Amino acid sequence: MNVLLAYPNYQHRDKSPPLGLMYIASVLEQQGHVVNIIDFSVDKQVNFSASIRKSDFFGISFTSQQFYEANKLINHVRRVSEKIKIIAGGPHCTIYAKEVFDALPEIDYLATGEGEYTALDLVNGVHPLKVKGLIWKEDGGKINVNPSRPIIKNLDDIPFPARHLVSLTKYSCSGVILTSRGCPYKCIYCLKKAGRTWRAHSTDYVISEMNEMREDFNIHDFHICDDNFLANPARANEIADAILARDWDCTINLWGGSRVDLIAKNEALIAKLAKAGLRKTGLGLESVIPKVLNSAKKGITLEEVEKTITILRKYNVSFFVFLMVGLPNDNYENVKITKRWIVKNKIKEFGVSLATPYPNTELWEYVNNYGRWLVSSKDIQKDFSYHTVTKVYPMWDTPDFPAKQRMKALVELIRFSTIRTGYISRDKVTIAIKQPRLMLEWLKKWLKLSI
Ligand code: B12
Ligand code: SF4
């Protein structure tokens, strides 16, 4: 079969190839199917319509932020071909399966969770009734929600992602790699897209994949996208040993971020990883207020955070701190405390966003029980699509931290980060300097929603 896979355009300083689609492509290719990938963030000069006409299946992957772009592409595909089968998947489909299926009438199938074998079953012609992890429409229009697909237990069964199908040189961060999936922790806001069961590729698999990236694609900067690369410190240690044994000149960036408790407890491992090439990691603190950390069930302490910072500095690993405004028990007064903490710990790079609830998370339940939704459920997809840095506004609030104060806290912390980094991105300019316009846009939305 001929399969066309597409990734909608998105706005971000760092562009990287769509790993999810590349895994699906490699599994399909292994079974003899012909696959093409178009990533609309980098592939600007493509004859999309001609590719559609040549294909039997069209697969599209998207995050919540890409929903509108995805919608446009899907409608175009259907206009060009009546007969092509359209399959949707990716993080947004996993979170809002039924809502997406209802909102996008042109799609034939929607896959939730890991999509490699769901896509393969469909392309191999298995009857949709028998395909796990699928939502689909019968000819008469009846919608079926099939049982969910069990997680892939042995990740090494999957071939390496099909890097040869994307234009690697067009990406600023081409070296994305996934060495494990899932995370066993319980942070209340986390959508745990890959589940709570942590599974990993063997060290041999990871090293052969890195070797292929170096030899065949000239990639020497690895961006590890795992939810929790350090979950098994012994395995991370083995990977570091294997890289050191090969004396590779490479850099490693933990793009999916690291838990501070795991860094604080494993100084020797960080020292070894740094020697192997670790240059940067994200740190998901989310808050520096102990009470907030506890209610978010982060399972980390401020002492661990500070120890982590000391360890990372000692081994010259730079870090980017992620913070949230508005987790349970947060309030406007905490902005001052947060700023003081940032100054005291000489934090240079940090990003701030609003605590955003996703279905099936504890935070979602918290909002249902103790908060107030500021968007109606029918608008929720639209609002997630709009939940980008430049068009952000709170989707919920609580009496002790009302929406206006949440936004004030966010803007203040983003301004503070702009001042501290000295780095002004387009997004930051929009939010920090053009704040009045942002406020106006917000106000309009507010009035429309008559809150
Ligand atoms: C690397 C990464 C990035 C990179 C770029 C990635 C890219 N090319 O878009 C950067 C740093 C630029 C980035 C930016 C952002 N990201 Co990001 N990012 C990730 C990260 C860490 C890894 C993505 C990845 O490669 N995963 C591995 C692959 C294998 O998983 P997958 O894509 O989900 O694919 C599997 C299934 O979903 C399914 N599937 C996927 N597509 C399809 C299609 C079909 C047809 C089928 C059948 C199945 C299927 O099968 C795949 C294989 O099992 C994830 C977290 C994570 N661990 O996944 C977050 C994540 C995807 N990002 C997220 C967010 C919020 C953002 C930003 C909005 C952050 C911001 N405020 O700027 C931006 C927006 C970017 C965008 N694409 O819209 C969220 C998305 C949540 C959501 N509601 O959709 C995630 C899930 C993190 C999280 N837990 O919140 N990100
Ligand atoms: S540690 Fe990270 S991936 Fe794991 S549950 Fe918490 S937020 Fe999610």
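The following dialogue considers how to read strand pairing, ligand shells and packing in a predicted model.

Visitor: Which conventions apply to this model?

Guide: Local features of this predicted model need pLDDT of at least 70, side-chain atom pairs count only at pLDDT 80 or more, and totals for chains, interfaces and linings use all residues. Residues are numbered from 1 along each chain as its sequence is written, while chains are lettered from A and ligands numbered from 1 in the order in which they are written.

Visitor: How many helices and strands does the protein have?

Guide: Helices (H or I, at least four residues) and strands (E, at least two) are DSSP runs, numbered from the N terminus. The protein has 18 helices and 17 strands.

Visitor: How should one read the pairing of S1 with S2?

Guide: Strands of a sheet pair through backbone hydrogen bonds, either parallel or antiparallel. Two strands count as paired if DSSP finds at least two bridges between them. Here S1 (residues 2-7) and S2 (residues 34-39) run parallel and are joined by six bridges, with Leu4 opposite Asn36 in S2.

Visitor: What unit do S1, H1 and S2 make?

Guide: A crossover is right-handed if, with the strands pointing away from the viewer, the path from the first strand over the helix to the second runs clockwise. With helix H1 (residues 19-30), S1 and S2 form a right-handed β-α-β unit.

Visitor: Which residues are closest to ligand 1, and where does ligand 1 lie?

Guide: A residue is near a molecule if its C-beta atom, placed from the backbone, lies within 6 Å of it. Ligand 1 is surrounded by 39 residues, the closest being Gly20, Gly59, Ser61, Gly89 and Gly115. Elements giving two or more residues to this shell include strand S3 (57-61) and strand S12 (251-258); H1 provides the largest share, five residues. Domain bounds come from an automatic or database domain assignment. Because domain 1 (2-145) and domain 2 (175-448) both give residues to the shell, ligand 1 lies between them.

Visitor: Which residues come nearest to ligand 2?

Guide: Nine residues surround ligand 2, and Cys183, Tyr185, Cys187, Cys190 and Asp227 come nearest.

Visitor: What is the strand order of the open six-stranded sheet?

Guide: The order is S8-S11-S12-S13-S14-S15, with parallel pairing. Strands S8 (176-177) and S15 (350-354) are the edges, each pairing on one side only. Within this sheet, S13 (residues 278-286) and S14 (residues 318-325) pair over six bridges, and Leu283 stands opposite Val321 in S14.
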